[in-house]
Amino acid sequence: MIACVAVVGHQNNPLYLQSFTGADDALKLHHIVHCSLDVIDERVNNPKRSVITLNESYLGLLYPTESYKVYGYLSNTKVKFLVVTTDLDVKDTDIRSFFRRFHAAYVDAVSNPFHVPGKKIISRIFAARVSGIVKAFAPGTYG
Amino acid sequence: MANYLAQFQAIKNTSDRLVVAVEDVSDLWPSVKEGLEKRLPLKKASLNNKTRNPVYVENLQAEFILTTDSRLRSRFPQEQYLFWFREPYATIVLVSCEDLDEFKTILKPRLKLIVQNEEREWFIVFVSKAHPNNDQATKNAKKVYARLEVDFNTRKRERCCKLDLNGVDASFWEDFDFKIVESIRNTLDRRAQFYEEEIRKMSEQRLMPVWNFCNFFILKESLAFMFEMAHLHEDSLREYDELELCYIETVSTPGKQRDFGGLEHGDDQAALLKPGFKPLSQIVQDDSFREFEFRQYLFARQVKLLFRLGRPLEVVMRGYSFIISFSKTLALHENTLPFCLREVWVISACLAIISSTSSTYDGLAAPDNEKEFYRLHGDLYSLCRIKFMRLAYLIGYGVEIEKSPVNSASLSMLPWPKPSIWPAVPEDASAKVLAKEKLILQANPRMKHFNIQRKQLPLEPSSLLREANRRRASLSVGNLSELIDYRQIDGSGIDGHQKFSPSTTNSMSRTYSGPNLESSLSLDRPMRISEVHVAAEHALENTVTDPDLLKSLSSLEEFEQKYMELTKGAADNYHHSWWKRHGVALDGEIAALCFKHGNYDLAAKSYEKVCALYAGEGWQDLLAEVLPNLAECQKILNDQAGYLSSCVRLLSLEDGLFLAKERQAFQLEVVRLAHSEMKHPVPLDVSSLITFSGNPGPPLQLCDGDPGTLPVTVWSGFPDDITLESLSLTLTNTLNTDEGVKTIKSSDAHILKPGRNVIKLDVPPQKPGSYVLGVLTGQIGNLRFRSHNFSKGGPQDNDDFMSYEKPTRPVLKVLKPRTLVDISAAVSSALLMNELQWLGLIVKPIDYSLKGSLLSIDTGPGLMIDESHTIDINEYAKTMEDKVHAHDSNTITENNTHPLEPKQLYIENGKIALPDWASDTSTTLWFPVHAIDDRMARAASAVSCADSPHRQNMVDGMRTIALKLEFGAFRNQIFERTIAVHFTDPFYVTTRVANKCNDGTLLLQATIHSQVKATLCLYDAWLDLQAGFVHVRKENGRPVSSFFPLVISPSSTAGILFSICIDNMAIAADQNEVVQAESILNVMYGISGDRSNGAHSPTSLKLGSSDKLFFKVAIALQRPILDPCIAVGFVPFSSNCLRVGQLINMKWRVERLKDLEASPSSSCKDEVLYEVDANPEIWMIAGRTMGHALLSNARGSRTEITVTCMPLVSGHVRPPQLGLPAMDDANISCNPPGPHLVCVLPPTLSSSYCIPA
């Protein structure tokens, strides 16, 4: 189950964070997403170390812990997309495909002329679309 | 083969180095032992690794063992085969012989026997005992050795070397080392090949039922062990890796249900670094090993090799992933394992890895590796910390764990332990239950500062109470609903243990105080949370064998100490790694604990770091969680500056993060502090809270020197109105930065409403340039605040933390100095002298308001303002003027677009206040002025009617008027100008004698030139003649009356003829009578002109009235020029030309033309007064310039006046002139009659000065 999706700006500022846990505990997800930026920073700053080449947007599993996993995706404009999932057995291709949809939704949202780049995304349509993508996400759904 | 495990273990433990067998044929060992053993360990050995690539090994350990030694002798062939790795890797045959025959007969067959075993790698060391001085012995030894070489060396390989006991050759040892290494290498290759072959064979049987992992393991580990002995650690490690893979495959194959292990005492402590923790034979399980122990064993072996290889980083990396994966494995078997063994194991594993690697890490690795190393340590600490918290939570310390995002993220998503049966409350635990109860009750749920009320973040994945009861074996389904009801009564929600309603507490205490305690713990009743804790604690005490961990869990203090240690360890290590955020987030946890223990200083420092991180990246949600804590620390520490700044930061967080009530509390704090006595008033940066911007639209434009009022929009982020005692803004000149900043102030106090406020600030006069807003400063109470932040016409966007760019839009433009107003005379033509005239001034504002302006007028000499009259003011219409221009008429028209506006002004103290309506339009002011000229106008003679007299008149008629206009908002602008106004007589008169009749009548023509741009109308003119002249026919001196009125158009002339004659009778007149020296022409005239054009009828006259003006002109009538008394003639010079410096005589001849009595002015006698007038710059006069010359009164008498003079300059110059002051000019006839010039040459060149000496 996806616990949270987040978009983080190129200066590591949160642009969008949506929790899907249902409980009133978004703050811990803020913390998880924020800490995951460490891993992205490390990967970006140390391309040698990173397993995945940076030519690819998908950063893969950032943060395996016992209880949840964080996957990352980095756009060309250094906007980061993160997914926190409590599902410990997720296929890479599913996540990859999820990120592509998520990215597309983001691009549409920021293409809105009334959106100020670098500001939080407050579009309800975006939120609804992301919720839709999250709902549709189930391991094995996307090939 | 599995039976050999114990033996295998024993062999491994005893043999840790390669064995080299020594076959001591000639009993030489005691004498060579020392020398040989000195060569060990082998300094450098070239061995082949598993892939047959050469590897250089240093300090290869080996041991020499005699073949007669029991260790080599007592082995069964099968064992030898199985544990081949411990067999000798080389055999040295020690031989000595000095007799060739003996060698051939005895030694050689024996040696052949020894070396016939093909399996062995051998070589012969021939020891020569011969003394070097003993030639014979040496010779024999050589012979024998030569024979030995022939017999045992092959073409491919030399197997002999010779050791001289007396005087060892250095080359021998090299040879010896080489041969040993060669033998070892060959043996190693052969054995590796053998093992590989065996392993390959066995691998092929993997899927068959006969497959036995133990056998495979023995083979594989033998190979690994052999490599390890040969210092080929890399290969050894690879073998273990393969073994591990193979094992995991074996374990994961479904089928046999094997024991997992981990049930023995002490298993809770990880054996990651202790390969010998349990003998392998104890963990064998059927044909394989128990997973719990065996995987740890394999890992321990790997770690040992990694340490040998000097790779602590890899130890940590492997260690971390091993712990994670093994923890998962433990989770799978959790229902068979002791309660919480998994958590306890992870804790001990992490700590073990940390302690083993941190001591071995040399810190000399590459920075990247170092960071990675620290990161992994941080991870290990962090993992350990989480597990430790979980244990602590289970036994009831959860109430004391900070419910921070960090802890919530770690714990709330971590499932509870899943034992098959949740531990039950031990017997006789009522005291402990009570203690736990007390602990829970006493734990004061820490109130957030500022009364912030938030739902606390969960630390449990699901309610512990529910989980524990659900897993109790005896709980029936029916009880589950009861449990839920119970929870609802509890009002506990997720954090059920935290808040007991008083009623529940009472009932519980009643229950426990009752005697029937045991029955209350009947199996059917769900456990209370305190019981859950007690049960967990009891179970843990059984699980944990590590005394340190037990101690850490024994009390709250111990727990907190350990918790601090782990948190600090994690934070410190993260700080050294790339993962700064992790470190800082944990700093927040350290701070929370420090705060709890009253260590506010440390807490504040850590909180500051956390806040800086969150604020820097704009994670306001997280910041809102920490910042109140920081503020509280600062408040306790009495750090007013910090506290204020924290309050301001709290206020400036996004709106949704705090309730209005809370935000008001923050503001109250700020205001309270601001009005309190502060020892050191602190400046406060409120950039995030109060922002400002200029008003939208074009900037305020001010003229140079003008003050102004600048409206500024100030956005207040305070939730309530806030009173500012003062407010000022700096302005920065964008063009001229070196001028620094100007501060403008708003004097009065302001109350800022939440949101947008417009504040007007007075701007004193500024230098020209365009100004942008700089810094907003102000005071709230005693608090000075500053704001650097510009809003862009909207409220400050809090998430836009990076936009601190300065606005480029100027708010104020001060224009360069320019003319703001122009005052000029409305009329360029002359006005009437000595009459009251309207003087027109055009006041023309140039894009500038003259509102409230004051015009001071200071008239120059000869001009005065008639203050009895009002001043007229009209609008000066330029458009009309243009139209008029088109008609070639320079008229300025008045229009009456302002019919109600005052057109009359009064002058007070020489100042006129301009009316408001005139502030933006050009106006014409009309002053009544009076120019005074006492002199009488003189008529000019037509003979000398050049322009000069007229011009003289122009200058005479010039009057000045100094104007000073004070204008601008504060009359700060001053315009000064002096205007010249031309006054003139209405006309000037030239006279000439038009005709001289034979009868002595002179026709005197007076030509009247109009000097004004107005039509003059002559009503009357008469001539009062001077003595000596009379009107013909004794008339009154008027021309024909019907001649009048005579109209003279502007700039035209008219003439009047008077008939006069010389009055010969006048001579007889009384000498005493005052004689009129000049004739006066009296003119009665009227003027009809427009004041906007020039001269006009005087203001005192009503328009249209027939009042006439009177004008007098003096006319000098000269006696006829043909009737002079005296003639003065200039006598030509004797020489042709004059030269500078040459003395000459000027001569004038004076001749009396008439008898003296005809001259009225001559006083007496026969002499004449003369005066020589010369320009002293041109002429130097030698002698007297004035004197009396003798001249007889008789007609025709003459005299000559001579003056010696010298010209000083060359050129055409005016000569000195002789005047006769006593005579009237009219009586003197001059020759030449007018001024004339003489030529003066430059001085002759004097060459005498040029002769060289």
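Which residue takes a positive phi in the hairpin of strand 35 of chain B and strand 36 of chain B? The legends below describe close-up views of a predicted model, and the view of this hairpin comes at the start.

**View 1. The hairpin of strand 35 and strand 36 of chain B.** Gly1000(B) is the residue with a positive phi, near 85°. The hairpin has 4 residues between its strands. Strand 35 covers residues 987–996 of chain B, and strand 36 covers residues 1001–1010. These two strands pair in the antiparallel sense, over 9 bridges. One of the paired positions joins Asn995(B) to Leu1003(B), its bridge partner in strand 36 of chain B. As background, strands of a sheet pair through backbone hydrogen bonds, and the pairing may be parallel or antiparallel.

**View 2. The open sheet of strands 11, 13 and 18 of chain B.** This sheet has 3 strands in the order 11-13-18, and their pairing is antiparallel. Strand 11 (690–694) and strand 18 (755–763) of chain B are the edge strands, each of which pairs on one side only. From one strand to the next, the twist averages 30°. Strand 13, made of residues 708–716 of chain B, runs antiparallel to strand 18 of chain B and is joined to it by 9 bridges. Within this pair of strands, Leu710(B) stands opposite Leu761(B), which belongs to strand 18 of chain B. In general, the side chains of a regular strand alternate between the two faces of the sheet.

**View 3. The open sheet of strands 48, 46 and 51 of chain B.** Here the order of the 3 strands is 48-46-51, again with antiparallel pairing. Strand 48 (1186–1190) and strand 51 (1217–1219) of chain B each have a single partner strand, so one side of each is left without a neighbour in the sheet. The twist in this sheet averages 35° from one strand to the next. Strand 46 of chain B, residues 1167–1173, is joined to strand 51 of chain B by 3 bridges, and the two strands run antiparallel. A reader can locate Glu1171(B) opposite Gly1219(B), a residue of strand 51 of chain B.

**View 4. The surroundings of Tyr374(B) in helix 14 of chain B.** Helix 14 of chain B comprises residues 367–394, and Tyr374(B) lies in this helix. In sequence, Tyr374(B) and His576(B) are 202 residues apart, yet their C-alpha atoms are 5.9 Å apart in space. Neighbours within four places in sequence being left aside, Tyr374(B) is in contact with Asn573(B), Tyr574(B), His576(B) and Ser577(B).

**View 5. The interface of chain A and chain B.** The size of an interface is often given as the accessible area lost when the parts come together. Between chain A and chain B, about 3400 Å² is buried, and carbon and sulfur atoms give 58% of this area. On the side of chain A, Leu27(A), His34(A) and Glu66(A) lose the most area to chain B, together 21% of what that side buries. The contact involves 36 residues from chain A and 41 residues from chain B.

**View 6. Polar pairs and the side of chain A that touches chain B.** There are 3 salt bridges across the interface. In one of these, Arg581(B) is paired with Asp41(A), and the closest N and O atoms are 3.0 Å apart. Across the interface, 10 residue pairs are in polar contact. Strand 1 (2–8), strand 2 (14–19), helix 1 (26–45) and strand 3 (58–64) of chain A each give two or more residues to the side that touches chain B. Helix 1 of chain A gives the most, with 14 residues. By class, this side of chain A has 14 nonpolar, 11 polar and 11 charged residues.

Methods. Residues numbered from 1 in each chain as written. Chains lettered and ligands numbered in written order. Predicted model: local features only at pLDDT ≥ 70, side-chain atom pairs only at ≥ 80, totals over all residues. Heavy atoms only, no water. Contact = heavy atoms within 4.5 Å. Buried area = accessible area lost by both parts, 1.4 Å probe. Salt bridge = Lys/Arg side-chain N within 4 Å of Asp/Glu carboxyl O. Polar contact = N/O pair within 3.5 Å; in protein donor to acceptor, adjacent residues only side chain to side chain. Nonpolar A, V, L, I, M, F, W, Y, C, P; charged D, E, K, R; others polar. Pairing = 2+ DSSP bridges. Axes fitted to C-alpha atoms, helices over the stretch in contact; angles between N-to-C directions.
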